[in-house]
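Trainee: I would like to go through the aromatic contacts of this chain and ask, for each label, what justifies it.

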Amino acid sequence: MPNPKDYAILFDASRCIGCKACQVACKQWNDLEAEKTKNRGSYANPPKLTAHTWITMRYYEGLKPEGDPYFDFIRGSCMHCTHAPCVSACPTGAMAHREGGVVTVDEKTCIGCRSCVQACPYEAVHFDEAKGVVHKCTMCYDRISHGDQPACVKACPADALTFGTYQEIRAMAEERVRALKERGYARANVYGLAELGGTHVLYVLTEHPSQYDLPKAVREAEKRAATGWLSAGIAAAVLGAGLKFIVERREALKGGGQ
């Protein structure tokens, strides 16, 4: 779980209007180049995160089980996980946690191996072909470390984004869910409390996370991490057993005068 004083962002899907002001602000502040896009029959544009687009909005529409139509928006970006798979996968330490739990990449030590790209369950890390390094959301570390808000939060006109300490953001999210349930949103929930040790970006959702394609990718990442830890444990056990055998054999030879 994140430290109570860590930095955190709350995305409240029940307040989001899908205007993409956050996406534009991210581009402007981080000086990210524009990308050629085309109409693919969806409001999401570009359709996925890239090395030059660190926030995207995804759009979901359909019918609820009760038959009522819905049109929901969800933010796509780095979740700044406590047990970040990208950090674990990085062989050089270029991808690392900074003060406040923020995950950033040091371009000077990044070797462009793309292990972090493969490891991220949110597809938030991408390789920059021109520079040979990876890029992702930094939670505007250059702003928040000087007491300012992330650019996306400051630009949001609907108060769907809030920045604060993890303790503040979590309390705010849980209170919002309680209020939504009182208003009839029976499936309202907070996403990010348990995923990958707790994420520093929390979502308030009005529907189950499966409606936004969120849980599947994380379960696969946690499974890969568990497999990695198990492999490491087995390797350690084998190594330990081998050393124990060598020591015991050596002592036995000494005792037998051999």
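Mentor: We will take the ring pairs and then the charges over rings, bearing in mind that this is a predicted model.

Trainee: How many aromatic pairs are there, and why is the one between Tyr-43 and Phe-71 called tilted?

Mentor: The count comes to nine aromatic pairs. The centres of Tyr-43 and Phe-71 are 5.9 Å apart, which is within the 6.5 Å required of a pair; the angle of 50° between their planes is neither under 30 degrees nor over 60, so the pair is tilted. The pair links distant parts of the chain, with Tyr-43 in the loop between helix 1 and strand 2 and Phe-71 in strand 3, 28 residues apart.

Trainee: What makes Tyr-59 and Phe-73 an edge-to-face pair?

Mentor: Their planes stand at 75° with the centres 5.4 Å apart, and because an angle over 60 degrees counts as edge-to-face, the label follows. Tyr-59 lies in strand 2 and Phe-73 in strand 3, so this pair ties together parts 14 residues apart in sequence.

Trainee: Are Tyr-59 and Phe-73 buried or exposed, and how do you know?

Mentor: Tyr-59 has 16% relative accessibility and Phe-73 has 10%; buried means under 20%, so Tyr-59 counts as buried, and so does Phe-73. By contrast, Tyr-43 at 55% counts as exposed, because the cut-off for that is over 50%, while Phe-71 at 37% counts as partly exposed.

Trainee: What makes you say that the charge of Arg-143 sits over the ring of Trp-29?

Mentor: The charged end of Arg-143 is 4.5 Å from the ring centre of Trp-29, and the distance criterion is within 6 Å. Arg-114 likewise lies over the face of Phe-127, at 3.7 Å from the ring centre.

Key. Residues numbered from 1 in each chain as written. Predicted model: local features only at pLDDT ≥ 70, side-chain atom pairs only at ≥ 80, totals over all residues. Heavy atoms only, no water. Phe/Tyr/Trp six-rings, centres within 6.5 Å; stacked < 30°, edge-to-face > 60°. Helix = DSSP H or I, 4+ residues; strand = E, 2+ residues; numbered from the N terminus. Buried < 20%, exposed > 50% of the residue type's maximum accessible area, 1.4 Å probe, protein only. Lys NZ or Arg CZ within 6 Å of the ring centre and 35° of its normal.
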